[in-house]
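Hi everyone, thanks for coming. I'd like to walk you through one structure today, so please have a look at the sequence and the model as they come up.

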Amino acid sequence: MNNAYKSDLLLVIVTLLASISWMFSKEAVLQMPPLLFMSMRFFLAGLLLSCVSYQALRGLARCAWLHAIRVGLIFGFAMCFWVTGLEKASHVGEAAFLASLGVVMVPIIARLLFKESIPPSTWFALPVALVGLGFLSLGAATTHALKIEASHILLLTSAAFFALYFNLNARVTNIRSFVKNNSSDGKASKIPVLALTTIVLLTTGVITGITSAFFEAWRPTLTNLHAELIGWILLSATIGTALRFLVQTYAQSLTANSHGVVIMVLEPLWTTLIAMLWFSETMNASQLLGCLLILLSLIINRLKAITQLMGIR
């Protein structure tokens, strides 16, 4: 299996871990402020990984730290909008499909910022995604009038930040000369995946923590911590964050092609199915059609890779 296919396979595993993490996060934000939860989640995950990445972190050059922190800042902003949107969303599955639109935006951001060519499939996928968003908005309204909810705006904003994060993450993991080297031959190597993931998670924990300090009250949560809430935080920090983003960053290090991340089309599908079982969620006809159209747009955007993976010519 070449690196491109290996990357896609690992990203499929990432989508499963991410889908389960949606449930952990929703359970937690029902019991505590969302930004405080994200700060605890990512800071704990970062500390966990730092225990095993200490040597790699010490070996990073200053420019490596700066690039990794920049990726972490973008991801931190994305998570601020994401978790706030999740808290306000009435359907976890619907929220997952909205956030997944970031995958469609990946090639567009790559073109605007990095002059990377846009696959023709993207231009077919975008109109389908927009129509799907319209049906989601109609389905969420009490009347048949188009209604954009606050959660929609927050999740779409997070999707844009996620698209930028995916692009930066793929490039940082594939740029050389980030590691200190005292040898005379000037040989350079890539930034270690474990070190990059650790820095990104810790930076995200700091960003969400600072934002939470300005807008949320901590005392009620800290004085009333109970076993169930601690359990959701720990599950989110370990399985939903440390393991998930370590696998994702490694997968992206296998190929510099930003389009490969579109395989994460599966995440909203898994999330919707799990939410139906976990929270007994249901959708009306308009919401279901909207989700299906967004799923179709993601498949269209990645159709060439899917057909190649299946051996179709």
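Let me start with a term: helices (H or I, at least four residues) and strands (E, at least two) are DSSP runs, numbered from the N terminus. Two words on where things come from. Residues are numbered from 1 along each chain as its sequence is written, and side-chain values use heavy atoms, with hydrogens and water left out. This is a predicted model, in which local features need pLDDT of at least 70 and side-chain atom pairs count only at pLDDT 80 or more, while totals for chains, interfaces and linings use all residues.

Now the overall picture. The chain has 14 helices and zero strands. Accessible areas here come from the Shrake-Rupley method with a 1.4 Å probe, and for residues only the protein chains shown count as cover. The chain has an accessible surface of about 14200 Å², and carbon and sulfur atoms make up 69% of that. I'll call a residue buried under 20% relative accessible area, exposed over 50%, and partly exposed in between (1.4 Å probe, protein chains only). On that scale, 52% of the 313 residues are buried. Contact, for me, means heavy atoms within 4.5 Å. Among contacts in the chain with a separation of 6 or more, 86% are between residues 24 or more positions apart.

Next, the inside. A nonpolar core is a set of buried Ala, Val, Leu, Ile, Met, Phe, Trp, Tyr and Cys residues joined through side-chain atoms within 4.5 Å. Which residues have the most contacts inside the largest core? They are Trp 22, Phe 37, Phe 75, Trp 82 and Tyr 165, in a core of 69 residues. Helix α4 gives the most to this core, eleven residues. There is also a second, separate core of six residues, with Leu 10, Leu 11, Val 14 and Leu 254 among them. Back to Tyr 165 for a moment: leaving out residues up to four places away in sequence, Tyr 165 touches Val 71, Ile 74, Phe 75, Val 200, Phe 245 and Gln 248.

On to the empty space. On a 1 Å grid over the protein atoms alone, a cavity is a set of points where a 1.4 Å probe fits but cannot get out, and lining residues have an atom within 4 Å of a point. Grid points are joined across faces, edges and corners, and a volume is the space filled by probe spheres set on the points. The structure has three cavities of 30 Å³ or more, and the largest cavity holds about 260 Å³. Its lining has 21 residues, with Ala 99, Phe 162, Phe 166, Arg 244 and Glu 267 nearest the centre. Two or more lining residues come from each of α1 (3–29), α4 (62–88), α5 (92–99), α6 (101–114), α8 (150–172), α11 (227–253) and α12 (266–278). Counting Ala, Val, Leu, Ile, Met, Phe, Trp, Tyr, Cys and Pro as nonpolar, Asp, Glu, Lys and Arg as charged, and the others, Gly among them, as polar, the lining divides into 14 nonpolar, four polar and three charged residues.

One of those lining residues, Phe 166, is in helix α8 and is buried at 8% relative accessible area. Phe 166 and Ile 74 are 92 residues apart in sequence, yet their C-alpha atoms are 9.8 Å apart.

Now a few single residues. Gly 85 is in helix α4, and is it buried or exposed? Gly 85 is buried, at 0% relative accessible area. Beyond neighbours within four places in sequence, Gly 85 is in contact with Ser 151, Leu 154 and Leu 155.

Helix α9 (residues 193–215) is the place of Ser 212, which is buried at 0%. With neighbours within four places set aside, Ser 212 is in contact with Leu 35, Leu 36 and Trp 218. Leu 196 is in α9 too and is buried, again at 0%. The C-alpha atoms of Leu 196 and Trp 65 are separated by 8.4 Å, with their positions 131 residues apart along the chain.

Last one: Ser 280, in the loop between α12 and α13 (285–301). Most residues other than glycine have a negative phi. Ser 280 has a positive phi of about 55 degrees, although it is not a glycine. Ser 280 is exposed, with a relative accessible area of 57%.

Thanks for listening, and I'm happy to take questions.

Terms used:
1 Å grid on protein atoms, 1.4 Å probe; cavity = no way out; pocket = protein on both sides within 12 Å on 5 of 7 lines; lining within 4 Å.
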